[in-house]
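Please look over the model below before reading my comments. They concern how its parts meet.

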Protein chains: 2
Amino acid sequence: MAPQSLEKDYPWVTSPVIISAPMSGFAGHDLAHAVYKAGGIGFLGALPDIKALRTALEDVTELVTGNRIPEPNTTLPIGLGALLFAQKLDEVVALVAEFRPTAVWLFAAHGLAGFKLWSDAIRKASSETKIWIQIGSVTGAVNLVQSCNPDVLVLQGADAGGHGGEKGASIISLIPETIQALERLGLDDVSVVAAGGIAHGSSVAAALTLGADGVVMGTSFLAAEETKVHPAYVDAILETEDGGQTTVRAKVFDELAGPNIWPSDFDGRALIAESYRDHVKGISIDDIRKSHAEAKQSSELGFGAHNRRAAIWAGTGVGLVRNKAPAAEIIDEVRQEARTALERIVRGLK
Amino acid sequence: MAPQSLEKDYPWVTSPVIISAPMSGFAGHDLAHAVYKAGGIGFLGALPDIKALRTALEDVTELVTGNRIPEPNTTLPIGLGALLFAQKLDEVVALVAEFRPTAVWLFAAHGLAGFKLWSDAIRKASSETKIWIQIGSVTGAVNLVQSCNPDVLVLQGADAGGHGGEKGASIISLIPETIQALERLGLDDVSVVAAGGIAHGSSVAAALTLGADGVVMGTSFLAAEETKVHPAYVDAILETEDGGQTTVRAKVFDELAGPNIWPSDFDGRALIAESYRDHVKGISIDDIRKSHAEAKQSSELGFGAHNRRAAIWAGTGVGLVRNKAPAAEIIDEVRQEARTALERIVRGLK
C-alpha cells in the first residue's frame, strides 16, 4: 500500500519487516528488545495492571537505551499493545506520554468510537508515536481508516491464534479486498501489515505478495527463548501438528476462569484440549470451570499434556513451530525462507 | 513442489496455471471448454445423474475435438470432478474409460479407502488420466499421498466456498505445513494446487509463493458467462462484499432440502441469508425447510434478495467478484494482477 513506509518510520528495520505480536502476558521486555535488535518491530503486550506495564516499559527502556528516556521528538523504538476494553485510557496515555513508544497497537475496542478516543488521546500525548489498529474485516478497516487515520492497519486473518473477530476470512482474501476498497476511496496511504497463520517464510513472502508492508508473527514467538511462557505451554506448541485440525476458534476459552469479559463479537483460537472437548460434549460451564480451576493448581498450570484444561492460544501455523530458539534465529530463519520462496518465483517468471 | 509439472502434463496451459473448480451443477461443458481455451485447466462438475454426466462429456468433447473421441494414448484435455460419496464408481469409471478426461478430481470419500478404490479403478480404466485428490488437512494429505499416490493434491483452505472439511486452516499455513510434512517423508514429487479464497491475482501470486504449482478458482467463475447459474444467484455474488463477514461455514445449508447426505466431517461455506439466520435464531429445521421449499417456488428459486433462502455457495473471495465476464477475461485479469504483484515484489528485492 505505502511501499517502504515501515522502513521510513522505523529506520532500524530490515526487510522483510517482521513484527512480534503484542501478546498479552507473553510479550515482555526481553522479547520486544530481541525483535528490535534483530531488525524487526518488537511490541510489549498490553497489561491491565498499570504497575506491571510501567515496569515493562522501564525494563525495555533500560535494555534499549541504557535507561535514558528518549530525547524530545524521538521515540523509544519499541511498540506497545493496548487492549481497549480492558485498560484505562488515562493510565495508558500517561505512560505513552512518559515513555514515548514508537507505536501503540490498538485492539478490541467496544466499537469505532473507542478507537477514535484512544487514537486522538495518544496522538495528543505523544505526537511522534504511530497509531496501529488491528481489525479483521474489510468494512471495519475502511471505517477505522476514515475515522481514526491510523498509520498502520493490522489486518488479522481467521488463522490467527488468540483473540480476533468471531467471523472472518484469512488474509488470502482479506488483504486484497481491503486494499481494493481503500484504493477506491483514495484512502491508500495507510500501511498494511498482515497477521494470522504466518509461521513460515513462504507465508511471509505470500503476505508481501498480497500487498502487506510487513508481517506479524505471534505463535512463532511463543517458542522464542525471550518470551515469558510456562515450559508446559511451549511444549504443547512444539508438539502440535496440523494446525487447522488441532486448533479451533471458540468463546469457551474466555469463560474458563469466569465470565467472558471480551466484546461480544470476539472469540479466540486455541489448541483443542480437555475444556473445549467437554464444552462440545455439553458439559456445563460450571463443571468445566471447576475442572479448569483444579488443573490450574498443578505445577503445569493446566498446560501439561496429561490434563490440558487451560487455554493454549495458538494460530493455525502452530504445526510449523517445532523448536525453541532465540527470537533473532526465528526471524533469520523466516527471512531466509521468504527469500528462497521469492527467488523461486522470480526464476519462474523468466 | 514439482516445478513445471503442470506444464508438462497439461501442455496447453499458460503460467500461472488457473484451474476452474468442478462445481457440481455449475461447471458444465461451456465453462470447462472456455477455461481450456484460455490456457487453464477446465473441469466438469460431478453429476450424480449419469445420463446428464454423459451428455456433459459428449458436449465438451464436441466443443474441444469436433466430436472425436481422443486417439489411443491421448486424453481429452478436460478434467472431470467426482463426488465419491454421491456417485457410483462403476458408472463413472465406464465414462472415464470411454471419454478419457485428462484428470479426475476426487472429492469427499467416506474415508481413505474410498479414495484408494477410485484411484485404482480410474488408473486401470484410463492409464493416461491423472488423479487429483482434494483435501484440507496436513494429515489427510500425507495419508492420501502414501495410500493413493495422486498426481495432484488440491489443498483446500477454509476460505473456500461450497463444501470442504468442517475444520481447517487457510492455505497460508496449510500449504507450507503440508509441503514440509511431505518433504520430510520424501513424498514431494506430487504437484500441489491451492484452493480457497483466491479471487484476485495477488492471491494467485501468494499461492504460488506458498509453493503451489497452480491455483483453483471457484467463486470467481460463478460470474463467468459460460457458467450454468441462475441470474439471481449471480446477482447475489456480485453484490456481496466483505466475504469473511458475509459468508459462513455451516451444515444447515445441506439440510435445507432434506437430510444432509454429506460425510459427517464436511460442511460448506455460503452467503449468510435467511435460512442461516433462522437456524441461528433456533428455528426448527422443519420450519426452515418449509420456508425454503416455498422460496424455491419463486421465479428466483430462493436466490433473490427479497427472500434469500436457498444456499448460495461462495468463498471469502466473493467481495472481489464484481462483474460478469467471459471466463477468458476473468483468467486474463487475475494473470495480469498476479504479474503486477510479483513484479512489485521483485522490484522490492533489488
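The points below take the chain interface and then the domain interface.

1. This is a predicted model, in which local features need pLDDT of at least 70 and side-chain atom pairs count only at pLDDT 80 or more, while totals for chains, interfaces and linings use all residues. Residues are numbered from 1 along each chain as its sequence is written, chains are lettered from A and ligands numbered from 1 in the order in which they are written, and side-chain values use heavy atoms, without hydrogens and water.

2. Contact (heavy atoms within 4.5 Å) links 45 residues of chain B with 45 residues of chain A. The two chains bury about 3700 Å² between them, 57% of it on carbon and sulfur atoms; buried area is the accessible area (1.4 Å probe) lost on being put together, summed over both parts. Of the area chain B buries against chain A, 17% comes from B:Ile172, B:Glu177 and B:Thr209, more than from any other three residues.

3. Zero salt bridges (side-chain nitrogen of Lys or Arg within 4 Å of a carboxyl oxygen of Asp or Glu) are found between chain B and chain A.

4. An automatic or database assignment divides chain A into domain 1 (10-229) and domain 2 (231-318). Their centres, taken over C-alpha atoms, are 25 Å apart.

5. Between these domains of chain A, about 1900 Å² is buried, with 65% from carbon and sulfur atoms. In contact are 22 residues of domain 1 and 23 of domain 2. The rule finds one salt bridge across this interface. A:Glu166 and A:Lys251 meet in a salt bridge at 3.8 Å, N to O.
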